[in-house]
Amino acid sequence: MTHLPSRLAKVSARDVNVHYGEKHALKHVDLDIRANEVTALIGPSGCGKSTFLRCINRMNDQIENAHVSGALTLDGQDIYDKGIDVVQLRARVGMVFQKPNPFPKSIFDNVAYGPRIHGLARDQAELDEIVMTSLEKAGLLTEVRDRLDEPGTGLSGGQQQRLCIARAIAVSPELILMDEPCSALDPIATAKVEELIDELRENYTIVIVTHSMQQAARVSQRTAFFHLGELVEVADTEQIFTNPQHPLTQGYITGRFG
Amino acid sequence: MTDTSTAVPAATRQSIDTAAAHLKRRYRAERRFKAVGLGAILLAMGFLVLLLWTIISNGASAFMQTYIRVDVTFDAAAIDGDDLPGLVKSSIQQRFPAVESRSEKRELAGLLSSGADLDIRRALAADPSVKGTTQPLWMVASDDVDMAMKGYVSRQPGLAGNRLTDRQIAWLAELEAAGAVKKRFNTILLSSGDSREPELAGLWGAVVGSVFSLAITLLVSFPLGVATAVYLEEFAPKNRWTALIEVNINNLAAVPSVVFGLLGLAIFLNFLGMPRSAPLVGGLVLALICLPTIIIAGRAALKAVPPSIREAALGLGASKQQVVTDHVLPLAMPGIMTGTILGMAHALGETAPLLMIGMVAFIVDIPATPLDPSAVLPVQVYLWADSPERAFVERTSAAILVLLVFLGAMNLAAIMLRKKFERRW
């Protein structure tokens, strides 16, 4: 396993462990996530990939008995440092969830919510600008331009998920975490979201958890394979899928288990 | 797949037959189950109809009141001397000049209510120029006359136990023949305070008392209840203390309401020295009764907000408080409000705890502030039901009807508020 120079690593994990009460969910994970790349986390259910993802924006704080140890840094800054403000951290690290979860508000308000709470817009014009740009970047603007006042929950599943991506982008994060963003979508909507992920890579660093190996192969540049809470192998996506080093990885990608 | 019509093994066929026989039994059981449920609903509805029919058939007549027309000589001396009751008596005596003895005169005056002078006062206030003239005036009949006109008491002369004397029955017949008796909409019932005389007794004091009490209940219990529910559900650490508090809140919901009345008596009246019989204290006691209901309903509503909405807001960098105020609370509001209004409707019908803090007193005045002594609707029902006069029977049912209208209006408000604030996700 090669360690990158920290200059290249957006997120760097060293010996990260997560316990849920008695359960050791994530074991001694060392992983670097490079800037402006899509990193896919794959592995069978319960392998700890979502747990790792939720460590990066401290969503695990929400879980009563979760305990995280080890060093996890964002741009060299310790994410679990006492001085870190979780609110600020989450403004820098956006998240898109498994099930599209737009707020039961208008499409506009969905996207505007983040900028509003962080005070990113000085006036309505700026806010409009942010919302439009975010919808544009999420490839949704042409579809919803005429109905920004309608509830976001009235959109189709795929549109809702892109709305959630627009909502995440609106806060101008540096890193976007995606937790199986396409698992609730049909193939066409999935294709659109994947296309979007590829475009977003230019400006954002993306970490995506996926159950679909094809998806990992399509959208990511690097892939990390987790198994039973351990990071088994991380390498360029091409290498993982063509020439896996570890027998477990090979077994998983060839469909022998998982 | 083999051809099923020919190649079904015997064992398979047997199990199919068994299943078919079993299926019939299952359908029969299902039909029985449905019939029992339907029967229960029909029985409940039957009782409800019976209850409503009893109340309405008893109470509807209370909304009409008998009036008697008498020529009143607005004698300036009597008016200036403020002897309006004397004016009432002399007016009815002029109508029946043959009456002379004192006892006959008393019986004659008994046709009219002891509050009939209020009708003269009202006529004078409406048009002061009638002073010194003689005008026909409709005046409130006494409760016995009213009952006789509505057919609740006998108008058959000579019967034992008659409320009206034979002479009164005859005078009433004469007045009726002259078209001087009629029933009018009973504005007294809806606009006056309580009275010992049924024909003068009204619900308005109790209505105002109930409105004051419920306003205070709402003002106290809603903010407290919602704040408690939000804190317990969203912010409180899950430890032994919060578990203890939760158990106690659930227990409080089951405490008999009269106990809250005793608590109110001990704390609000005896310790804090608040006024007796006041809607302020009534409202505070009812707020204590409502609180567990509101907290439990509020927590259920908060719990029902999907976690995905919280995660979405947290993921955007919303603080815990922003998640609650911007997302969770608005989504839980319909549920919280439904719980609150159900709690309030419960409070509207509470009687026992209010007896404890003296709201059972006989109060004639309409309360002007929540600090004035007052009755409330259910207590008024209780007081009237306890009164011996025949005319209070129909008025009790009428008071129940007014109480039910209030309850219906509150439930309607609950439904409308829920519809208005309901949002889908």
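This text walks through a predicted model, starting with chain A, passing to the contact between the chains, and ending in chain B.

In chain A, the annotation "domain: ABC transporter", from an unreviewed UniProt entry, is listed for residues 11–253. Over that span of chain A, 38% of the chain is helix and 27% is strand. The C-alpha atoms at the two ends of residues 11–253 are 25 Å apart.

A place to begin looking is the hairpin of chain A. Strand β1 covers residues 9–20 of chain A, and strand β2 covers residues 23–34. Eight bridges hold this pair, and the pairing is antiparallel. One of the bridges can be found by residue: His19(A) is partnered with His24(A) in β2(A). Two residues lie between the strands of this hairpin, and Gly21(A) takes a positive phi near 60° there.

The next step is the contact between the two chains. On one side are 21 residues of chain A, and on the other are 17 residues of chain B. Which elements of chain A give two or more residues to the side that touches chain B? They are α2 (86–92), β6 (93–96) and α3 (107–118) of chain A. The largest share comes from α3(A), with four residues. By class, the side of chain A that touches chain B has ten nonpolar, seven polar and four charged residues.

Chain B is divided into two domains: domain 1 takes in residues 62–185, and domain 2 takes in residues 204–421. Their C-alpha centres are 46 Å apart. Where the two domains touch, domain 1 of chain B gives seven residues and domain 2 of chain B gives seven residues. On the domain 1 side of this contact, five residues are nonpolar, none are polar and two are charged.

An open sheet in chain B has three strands in the order β2-β1-β3, with antiparallel pairing. Why does one side of β2(B) and of β3(B) have no neighbour in the sheet? β2 (134–140) and β3 (181–185) of chain B stand at the edges and have a single partner strand each, so one side of each is left free of a neighbour in the sheet. On average, and ignoring direction, neighbouring strands of this sheet are turned by 40° against each other. Strand β1 of chain B, residues 64–73, is joined to β3(B) by five bridges, and the two run antiparallel. In this part of the chain, Tyr67(B) stands opposite Lys182(B) of β3(B). A general point helps when viewing such strands: in a regular strand, side chains alternate between the two faces of the sheet.

Two helices of chain B lie against these strands. Helix α3, residues 84–95 of chain B, packs on the sheet and touches β1 and β2 of chain B. The direction of α3(B) makes about 80° with that of β1(B). Helix α5, residues 117–126 of chain B, lies across β1 and β2 of chain B, at about 130° to β2(B).

The two helices can also be compared with each other. Two packed helices are described by the angle between their axes and the distance between the axes. The axes of α3(B) and α5(B) come within 8 Å and cross at roughly 105°. The helices α3(B) and α5(B) are therefore roughly perpendicular to each other, as angles of 65 to 115 degrees count as roughly perpendicular. In their contact, Leu84(B), Pro85(B), Leu87(B) and Val88(B) of α3(B) meet Asp117(B), Ile120(B) and Arg121(B) of α5(B). Five residues of this contact are nonpolar, none are polar and two are charged.

The last topic is the set of annotated spans in chain B. An unreviewed UniProt entry places "domain: ABC transmembrane type-1" at residues 203–414 of chain B. This span is 76% helix and 0% strand, with its end C-alpha atoms 25 Å apart. UniProt also lists "transmembrane region" for several spans of chain B in an unreviewed entry, including residues 35–56 and 398–417. Residues 35–56 of chain B are 100% helix, and their end C-alpha atoms lie 31 Å apart. Residues 398–417 of chain B are 100% helix, with end C-alpha atoms 28 Å apart.

Notes
Residues numbered from 1 in each chain as written. Chains lettered and ligands numbered in written order. Predicted model: local features only at pLDDT ≥ 70, side-chain atom pairs only at ≥ 80, totals over all residues. UniProt positions renumbered as here; feature names shortened; annotations may be inferred. Nonpolar A, V, L, I, M, F, W, Y, C, P; charged D, E, K, R; others polar. Domains from an automatic or database assignment. Pairing = 2+ DSSP bridges. Axes fitted to C-alpha atoms, helices over the stretch in contact; angles between N-to-C directions. Parallel < 35°, antiparallel > 145°, perpendicular 65-115°, else oblique.
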